[in-house]
Structures are given as structure tokens and as C-alpha cells.
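This note sets out points to follow while looking through the structure. Please read each one with the sequence and the 3D view side by side.

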Amino acid sequence: MAPITRRHAITADQLVGAATDLLTDGFRLALMAAHDDGDALRVVYLFLAGRPDRRTELTLTVPATDPVIPSLARLSFQAGRFEREILDLYGITPLGHPQPRRLVRHAHWPPDWHPMRNDAGNPGDFVAADHFPFLTVEGAGVYEIPVGPVHAGLIEPGHFRFSVVGESVLRLKARLWFVHRGIERLFQGRIAGAAVDLAERISGDTSAGHALAHSLAVEDALGVDLPDAVHRLRALLIELERLYNHAADLGALANDVGFGLANSHALRVRELVLRINDQVCGHRLLRGAISPGGVALQALPDPDRLQALADDIAEIAELTLGNSIIYDRFAGTSVLHREDALAMGTLGYVARASGLVTDARLDHPTTELPITEVTASGGDVLARYSVRRDEFAASVALCRTLIDNHTGPIAVREPLPAVAGISSGIGIVEGWRGSIVHRVEVGADGLLRRAKIVDPSWFNWPALPVSMADTIVPDFPLTNKSFNLSYAGNDL
């Protein structure tokens, strides 16, 4: 049975107290979603806690003529960023926010155009903007190094502003949202059971993770309860996605410190996993296999082939960390302390490398799985490397269990029922970067009225500059790769 989400309609006067109680009780703010209902605007606050799985939504409705909500920014760092996003996209003002500056909308965006409002219309002219409002760090010998938004490699745009003395970084500020694609708006009006192709393209390297989170949300909204075997087949696909991405990262981290040989072997492993993916579902990135109401595999992977790849990765990692120069570059570099990781709400391997216990497979399970939890405590590049290495081995062990214990068909599709009125649903998945959360609202006509997406990179991007304190500029590429955050998953 799907977990129950407790839903409470609250007033503006009740919001801060209710949020405080939930945060004190161990919940985290996982999502804030604004909605344009015409005469009124709604803001939904989703709080999650795990072990056992607990979900609570608070809904605050404000008039469209005076869209003001109390700010939770002084209670929660994450809330402050969600509120700035909502201010940009919906024009809802967070009263009492300590820094209500733009987040998504860059300086050249029209000041009064909020693209998620129903009456947004044509934005008009975008104005030229020749500067970014970064805090200037002053002092003897201090200078700035601007990097991006256009980069030399085939990566998406992001601007990084370093304030440094010599090579020592005093402050790093990241500016994203150069490619706002309007993904959430594109979901609106699509058939609830036929929008998974868009979910697969939220962040290309997480096609299966976002497809599953979207599918779970739609199924929750429509009251669909799938057999346990379907959830286990879906879990297998998520682990295959974890494998090829972790293999690539382990190689890229070695490559960033000059160990190209390890990178070549890691890329060989990645390619072999991608070929297994193609055999399993007909697509190297696992697209087309997960959809609302079902799963469709063409074959199960060979568990012995997966184990051979796990053995290869273990050897590659041993050779990498056995090199004293590489170990020295990894150890103690760009430490994200546990208290900072916790305060910023980090997720996935970034959080686990800083000693936090977080895994949606255990916190918000769809089926019971023999998960081997992997954590580290150093919070440095070495810890983020080691967590990936150990997760690869644990993921292969989980895959072997899922394959060996599977019985029955490997392709299942259940019909999606109609609903009376508007219904909402939540999907939570432990993607390879961390917990992915989707929330959807479906109308009686079967069309999506709203889809809110939170990729783990949304939570982890702010932690990257924090980890760069007390380090040097040449370590930025290595640090950046140790986080390996998604621009696309953040810049929706």
C-alpha cells in the first residue's frame, strides 16, 4: 500500500508554528510548490521524514490580488531558496525574507513577468544586463577570478566568481539558471499517463530516476497500487543507472589529478553497463522502461557480468587510491563538514560522505530491499570518491539479489483509473545523486494540472561553495567533479 500523506490547510498565522513543529520532529522540507488557481494562489509545503516513512503537506492559500506569504527562511535554509524561486516564477512575496533577491530570473528578465502564472502572457523585451550583483570581497591582495557561464567543455552554463588571495579561496559564489527551460510548465495539460518522456529528459543522466519519481507521483494521485514484483524490477533499473554514473565519476575524479589510465578503465566499465542497459530495455540510458502503471524490460541482466564489473571497479579504485600522489590530492580537500551538510539539507553521496544517514530506498521505500548503507565521515574529495566506490559494490550486490529472486513476467502494465475532481500524488526515489521528489496534481479529465520537480542537485549546489573554503583555486575542478551536480536538474 502507498504511504499516507497527511494534508493540512493552514492560515498564514499558523504557518511558522506548524513548520517549526515538523522540523523539530525530524522532518525536512523537501518541496515547495506554488499553484495558480485563478482568483487565489496556493503554496504547498511538503515535509518528509523517514524510518518510518512520514509525509505531511501544509497548504496555504492567498488571494491573487495580494500574494504574500510568511517567510520560513530563518527556520530553514532550503525554504529561503524555494521562496525566492516562487517569488520569481509566481510573484508571491515571502514577507520577512532576509535576502529576497532574484534566484531563477536573471537581471535581463522583465521585472514584473512571472512565467508560471496563468496570465503571464508574452514576456515582452528582455533588457541587456552587463553585470552580476556579486558581493565584492576587499582587502590587500584580494582579486576576483570569474569563470563561465560559457565553459571550454561540453557542459551546461554556470558562472563561478572566486575571491582569492594568491591561490587561496576566500569566497566562491555560483550563479546558475542560465537555461531555464520551463519544464514544469510543459507538464501542464499533458495526459497523466503519457508524460513520462518529458520526465526522462529533466536530467539526461537520471532518466530512470526521474521517470520513476514521476510515475510514482501519478500512481499515488490515481490510487494505483502495483505488485511488489514491479517495484523490484524498477529498483533494478535505478541501480543500473547508479552503476554507469558512479563508474564514470570514479574515472573522472582520477582523470582530474592526471591518472588517465584509471579513467580509461572506468569508462570501459561505464560502456559495458550502458550495453547491458540496452539489452535490458532497448535504450542505453534506460528510457522507455518505466511508466505510470508499469515497467517493461526485454531481458534481465546477467548477474555474473555485473559482478565482473564490480571486481573491475574495485581494482581500479585500489590502483587509484594506492597512488600516494592521488591519495594526497583527495584527502583533506574541500571538506564539507557534517554540520554544514545537515544545515544545507544535502542529499545522496554528498551527504553520506559527510556522515549523514540518508537514503530514500530506506526512508521512503516502495518495496523491502536488502540495502547496504554506505557512509563516510571525512566530507572531503576522498570520502565522496570512497562512497561512490562502495556504493558500486553494494549496488551490484542488490542487483544480483533482485535478479536471482525474480519470478514472473518482466513487462507489466496496469490500466490507470479516472479520478473524480483534482487529486495529488508524491513520488520519491533515491536516484544516483540522491533523493528525487516529484509532486503532481491530476484533474478529473486525466490531465496534469501541475508538476513540481526537485532534483537532489537543487539541495547540493549551495554546498559546493561552502566546501571550497580554505582550499585553493586549482582544486576547484576536482571539487566540482566530486560533487558532480546537474545543471539541468537544477535549471528547470
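1. The model is a predicted one. A suitable place to begin is its largest cavity, which has a volume of about 190 Å³. In total, the count comes to 8 cavities of 30 Å³ or more.

2. Which residues lie nearest the centre of the largest cavity? They are Leu212, Ala235, Arg361, Thr366 and Glu430, out of 18 residues that line this cavity. Two or more lining residues come from each of helix 5, helix 6, helix 12 (360–363) and strand 13. Helix 6 gives the most to this lining, with 6 residues.

3. Strand 13 leads on to an open sheet. The sheet is built from 3 strands in the order 13-14-15, and their pairing is antiparallel. Strand 13 (423–430) and strand 15 (448–454) each have a single partner strand and stand at the edges, so one side of each is left without a neighbour in the sheet. On average, neighbouring strands of the sheet are turned by 15° against each other, direction ignored.

4. How many bridges link strand 14 and strand 15? Strand 14 (residues 435–442) pairs with strand 15 over 6 bridges, in the antiparallel sense. For a single example, Glu441 has Arg450 in strand 15 as its bridge partner. Helix 5 (residues 207–222) packs on this sheet and touches strand 13, strand 14 and strand 15. The direction of helix 5 makes about 150° with that of strand 13.

5. The nonpolar cores deserve a separate point. In soluble globular proteins, nonpolar side chains tend to be buried together. In this model the largest nonpolar core has 77 residues, and Phe187, Leu237 and Phe330 are those with the most contacts inside it. Helix 6 (residues 228–256) gives the most to this core, with 13 residues. Another core, of 70 residues, lies apart from it; among its members are Val374, Phe483, Leu485 and Tyr487.

6. Leu237 may be examined more closely. With which residues is Leu237 in contact, leaving aside its neighbours within four places in sequence? The residues are Ala208, Val280, Leu286, Ala289, Ile290, Val295 and Leu297.

7. One of those contacts of Leu237, Leu286, also calls for a check of its backbone. Leu286 is not a glycine, yet its phi is positive, at about 70°. Its place is the loop between helix 7 (260–281) and strand 10 (290–291). Is Leu286 buried or exposed? The cut-off for buried is under 20% relative accessible area; Leu286 has a relative accessibility of 1%, and therefore counts as buried.

8. Asn484 is a further residue other than glycine with a positive phi, near 45°. This residue is found in the loop between helix 16 (476–483) and helix 17 (487–490). With a relative accessible area of 14%, Asn484 is buried.

9. Two peptide bonds should be inspected as well. A cis peptide bond joins Arg51 and Pro52, with omega about 10°. Pro52 sits in the loop between strand 3 (40–49) and strand 4 (54–63). Gly148 and Pro149 are also joined by a cis peptide bond, and here omega is about 15°. The loop that holds Pro149 runs between strand 7 (142–147) and strand 8 (159–165).

Technical notes:
Residues are numbered from 1 along each chain as its sequence is written. This is a predicted model: local features need pLDDT of at least 70, side-chain atom pairs count only at pLDDT 80 or more; totals for chains, interfaces and linings use all residues. Side-chain values use heavy atoms; hydrogens and water are left out. Two strands pair if DSSP finds at least two bridges between them. Helices (H or I, at least four residues) and strands (E, at least two) are DSSP runs, numbered from the N terminus. Axes are lines fitted to C-alpha atoms, for helices over the stretch in contact, and angles run from 0 to 180 degrees between N-to-C directions. Contact means heavy atoms within 4.5 Å. A nonpolar core is a set of buried Ala, Val, Leu, Ile, Met, Phe, Trp, Tyr and Cys residues joined through side-chain atoms within 4.5 Å. Buried means under 20% relative accessible area, exposed over 50%, partly exposed in between (1.4 Å probe, protein chains only). On a 1 Å grid over the protein atoms alone, a cavity is a set of points where a 1.4 Å probe fits but cannot get out, and a pocket is an open set with protein on both sides within 12 Å along at least five of seven lines; lining residues have an atom within 4 Å of a point. Grid points are joined across faces, edges and corners, and a volume is the space filled by probe spheres set on the points.
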